[in-house]
Amino acid sequence: MAFPSPARLHRTIQLAFVLFLAWTAWELYGYAAWLDGKGAFVPRPPAAEAFLPLSALLGLKRFLLGHGFDPVHPAGLTVLLVALASALLCRRGFCGFLCPVGWLSGALSRFGERNGLRCEPGKRLEWLLTLPKYLILGLLLYGFMVRMGVREIDWFIMLPYNLTADVAMLRYFLEPGTATLMVLAAMGIGSIFLPGLWCRGFCPYGALLGLLSLFSPAAVNREAAQCTGCGRCRRACPSRIAVDRQKRVSGPECVGCGECVSVCPTGCLRMSVGYGPTARRMPGWFFGAATLAILFCGYGLAVLTGHWNADLLPLLTRHGLLPPFP
Ligand code: SF4
Ligand code: SF4
Ligand code: SF4
């Protein structure tokens, strides 16, 4: 049986996670309604904590300093660790395969490409458009990771706000303000013309994973002798990387999606692991399979060690956040 192309595998995995997260959001909606006293009890889906990256960053600092796993949002910390491991081992696999924003961004970029709307900014503008996410990341790391000590983190973790942060996030997107709608619309429409506008330019999570991916031995290699310079790889790349001008794509923007490998007519693009002549050629499904393996290993380990699903009911009771009995 022939394996699907890297692009098909990439989009299939992305879609599967979008559907899973849509189901997660539905479950969270039921839980939020129960908290409001408007329905029967629905268990809180731990996977929703994947949307609490700041809480996960604080949990990471606490964990690294030997103060244990985040007791309130352990799944959020697990997802962050999975994302960091995927960046280190297989080129931002979290962005390439698991994040729903990456899926939406890719779909918008393909729409722009098919309809001839895609713009190609010059080198200097490209560089400028990439900068904001590092500034945002720097501010967040300084404000949350550097300035906050463990005692402050422990205090924050137990705040009623943090206990229901997943619900607050859901409500934020269900009832967005005008400013939020305008930003979402600008990013959505902008991504049609400039692929990956949000991911490449503004997402601090992607910036962090991109910096870590610089240490990854995985890359996309281009065999220059076989390249015809057709530019298909560049136009297919959801991260606006000039693949056709690089010998080894290993920069912070590559998410390892394999879209470039799939469209290359000469087969001169290859996924590889390692450096120089000893680099090992990998099959097209490698980055996707490696990302899933890291995710399921992380999830399995978290479940087995009791670090996935936190029972928040006693804490909610203590803060008087439970709904009134009917
Ligand atoms: S850059 Fe941010 S929004 Fe884009 S795929 Fe990565 S984590 Fe998701
Ligand atoms: S260079 Fe290739 S693998 Fe990397 S993001 Fe672009 S299309 Fe995906
Ligand atoms: S798609 Fe292949 S042949 Fe065409 S420019 Fe890219 S690497 Fe070269």
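Student: How many nonpolar, polar and charged residues are in the lining of the second largest pocket?

Tutor: The lining of the second largest pocket holds ten nonpolar, five polar and nine charged residues, and you should keep in mind that this is a predicted model.

Student: How is such a space found, and which residues are the closest to the centre of the second largest pocket?

Tutor: In general, rolling a probe the size of a water molecule over the atoms shows where empty space is left. Here, the second largest pocket has a volume of about 580 Å³. Among the 24 residues that line the second largest pocket, Glu126, Arg200, Arg240, Ile241 and Ala242 are the closest to its centre. Helix α6, which covers residues 123-130, gives the most to this lining, with four residues.

Student: Arg240 is one of those residues, so where in the chain is the place of Arg240, and is Arg240 buried or exposed?

Tutor: Arg240 is found in the loop between α14 (232-236) and β2 (248-249). Its phi is positive, about 60°, although Arg240 is not a glycine. Arg240 counts as buried because its relative accessible area is 8%, and buried means under 20%.

Student: Which other residue that is not a glycine has a positive phi of about 60°?

Tutor: Arg91 has a positive phi of about 60° although it is not a glycine, and Arg91 lies in the loop between α3 (74-90) and α4. With a relative accessible area of 0%, Arg91 is buried as well.

Student: Let us turn to the ligand. Which residues surround ligand 1?

Tutor: Ligand 1 is surrounded by Arg92, Phe94, Cys95, Cys99, Val101, Gly102, Trp198, Cys199, Cys203, Tyr205 and Gly206. Two or more residues of this shell come from each of the elements α4 (93-98), α5 (100-114), α12 (197-201) and α13 (204-213). By class, the shell around ligand 1 has eight nonpolar residues, two polar and one charged.

Student: How do I read the pairing of strands, and which strands does β3 join?

Tutor: Look for the bridges between them: strand β1 (residues 218-222) and strand β3 (residues 269-273) run antiparallel and are joined by five bridges, with Arg222 opposite Leu269 in β3. Strand β3 also runs antiparallel to strand β4 (residues 280-282), with three bridges between them, and Met271 has Met282 in β4 as its bridge partner. The hairpin of β3 and β4 has six residues between the strands, and Gly274 in this hairpin takes a positive phi near 115°.

Conventions
Residues are numbered from 1 along each chain as its sequence is written. Chains are lettered from A and ligands numbered from 1 in the order in which they are written. This is a predicted model: local features need pLDDT of at least 70, side-chain atom pairs count only at pLDDT 80 or more; totals for chains, interfaces and linings use all residues. Side-chain values use heavy atoms; hydrogens and water are left out. On a 1 Å grid over the protein atoms alone, a cavity is a set of points where a 1.4 Å probe fits but cannot get out, and a pocket is an open set with protein on both sides within 12 Å along at least five of seven lines; lining residues have an atom within 4 Å of a point. Grid points are joined across faces, edges and corners, and a volume is the space filled by probe spheres set on the points. Ala, Val, Leu, Ile, Met, Phe, Trp, Tyr, Cys and Pro count as nonpolar, Asp, Glu, Lys and Arg as charged, and the others, Gly among them, as polar. A residue is near a molecule or strand if one of its heavy atoms lies within 4 Å of it. Two strands pair if DSSP finds at least two bridges between them. Buried means under 20% relative accessible area, exposed over 50%, partly exposed in between (1.4 Å probe, protein chains only).
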